[in-house]
Amino acid sequence: MSARGHAFGIDIGGSGVKGATVDLATGQLTHDRLKVATPQPSTPAAVAAAVAELVATAQWDGPVGLTLPCVVRDGRAETAANVDPAWVGTDAAELFSAALGGRKVTVLNDADAAGLAEDCYGAARDLHGLTVLLTFGTGIGSALLYDGLLVPNSELGHLELGGMDTEDMAAASVKDRDGLTYPEWAQRVSTVLRHIENIFWPKVFVAGGGISRDHELWIPLLTNRTPVIPAVLKNTAGIVGAAMAIDAGIAP
Ligand code: BGC
């Protein structure tokens with residue numbers, strides 16, 4: 001974080017690498033998001049080059065927080081569900097730091113970053129107890145937060161249910177893939193939420209990911225028992241959470 005309370009966050013996804021400077025007092029971006037396409041294949045070296053390009057464009061010379069759609073522990077990616085398999089075992093913190101001239105970087109899971117951001121500035125801001133944030137996109141990402149404390153790498157999209165991963169049953173991409181209507185898809189999401197609530201008993205679910213923009217078309221159709229509220233930060237949550245992670249000392 002700079003003296004002005006600004007930090008730089010980068011959200012790395014399957015299609016885009018997006019970054020911006022974040023005002024940590026408000027959780028707002030201080031300028032339009034910068035975006036470069038995620039290189040294909042999305043190998044560690046190619047993505048690190050895209051990150052360096054984005055940071056150079058932004059003319060940011062301070063520390064950087066980054067997300068990956070991977071389990072991340074001690075800066076190391078340990079899974080790779082929707083990015084190149086070469087990420088597994090990569091020391092992402094070392095890679096990005098080297099690509100950015102040796103500066104300090106913090107790397108965390110993308111859904112964990114979104115959870116931190118929603119908890120501090122968004123939908124879960126004034127909530128106490130256990131909040132489960134789920135991001136519905138290509139996969140299902142998850143963040144478990146208890147009174148603002150993140151339990152990293154929960155990976156509830158890979159919780160097995162009926163012989164398959166929950167994300168293969170109810171990700172937003174599955175709705176498109178299987179041509180499901182909102183009522184049909186909402187039934188599947190309800191099944192997943194019931195499974196999660198029977199294990200964790202959260203007080204609230206926060207629904208994020210692009211499809212949460214259309215929340216009024218499906219959240220009212222859910223039949224699980226725990227309240228579900230839409231995310232507020234939408235497509236900036238990953239960037240904001242990445243920026244927050246720098247000084248929060250979060251290095252899952
Ligand atoms: C990955 C998670 C990620 C989620 C959303 C899942 O397939 O395993 O690490 O958070 O997708 O990108």
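# A tour from strand S1 to leucine 144

Start with the surface of the protein chain: about 10700 Å² is accessible, and carbon and sulfur atoms hold 53% of that area. Keep in mind that this is a predicted model.

**The whole chain**

Show the cartoon. The protein chain has seven helices and 15 strands. Now orient the view along the principal axes. The C-alpha atoms fill a box of roughly 50 × 40 × 30 Å.

Does the chain's radius of gyration agree or disagree with that of a compact globule? It agrees, because 252 residues in a compact globule would give a value near 18 Å, and the protein chain has 17 Å.

Colour by burial next. Of the 252 residues, 54% are buried. Then turn to contacts with a separation of 6 or more. Residues 24 or more positions apart account for 60% of them.

Colour the charges too. There are 17 positive and 28 negative charges in the protein chain. Their mean positions lie 3 Å apart.

**Strand S1**

Select residues 6–12. This is strand S1, and seven of its seven residues are buried, so the rest of the structure largely encloses it.

Show the side chains and look at each face. On one side are His6, Phe8, Ile10 and Ile12, all buried. On the other side sit Ala7, Gly9 and Asp11, buried as well. Both faces of S1 are therefore covered, with every residue named here under 20% relative accessible area.

**The partners of S1**

Add residues 16–23. This is strand S2, which runs antiparallel to S1 and is joined to it by seven bridges. Follow the backbone between the two strands. A hairpin of three residues makes the connection.

Now add residues 64–68, strand S5. S1 and S5 pair in the parallel sense, over four bridges.

Which residues stand opposite phenylalanine 8? In S2 the residue is threonine 21. In S5 the residue is valine 64. Centre on phenylalanine 8 and pick out both.

**Strand S5 and onward to S8**

Stay on S5. Is this strand mostly covered or mostly uncovered? S5 is mostly covered, with five of its five residues buried. Val64, Leu66 and Leu68 point one way from the strand. Gly65 and Thr67 point the other way. All of these residues are buried.

Next, select residues 105–109. This is strand S8, which pairs with S5 in the parallel sense over five bridges. Find leucine 68 in S5. Opposite it stands asparagine 109 in S8.

**Leucine 144**

Move to residues 140–146. This is strand S10, and leucine 144 is found in it. Why does leucine 144 count as buried? Its relative accessibility is 9%, and the cut-off for buried is under 20%.

Show what surrounds leucine 144. Leaving out residues up to four places away in sequence, leucine 144 touches Leu130, Thr131 and Val132, among others. Its contacts also include Leu149, Leu150, Val151, Ser154 and Leu156. Phe200 is another residue that leucine 144 touches.

End with a distance. Draw a line from the C-alpha atom of leucine 144 to that of phenylalanine 205. The two residues are 61 residues apart along the chain, and their C-alpha atoms are separated by 9.7 Å.

Definitions and conventions:
Residues numbered from 1 in each chain as written. Predicted model: local features only at pLDDT ≥ 70, side-chain atom pairs only at ≥ 80, totals over all residues. Heavy atoms only, no water. Rg over C-alpha atoms; globule rule 2.2 N^0.38 Å. Buried < 20%, exposed > 50% of the residue type's maximum accessible area, 1.4 Å probe, protein only. Contact = heavy atoms within 4.5 Å. Areas by Shrake-Rupley, 256 points an atom, 1.4 Å probe, with all protein chains shown as cover. Lys, Arg positive; Asp, Glu negative; His and termini not counted. Charge placed at Lys NZ, Arg CZ, Asp CG, Glu CD. Pairing = 2+ DSSP bridges.
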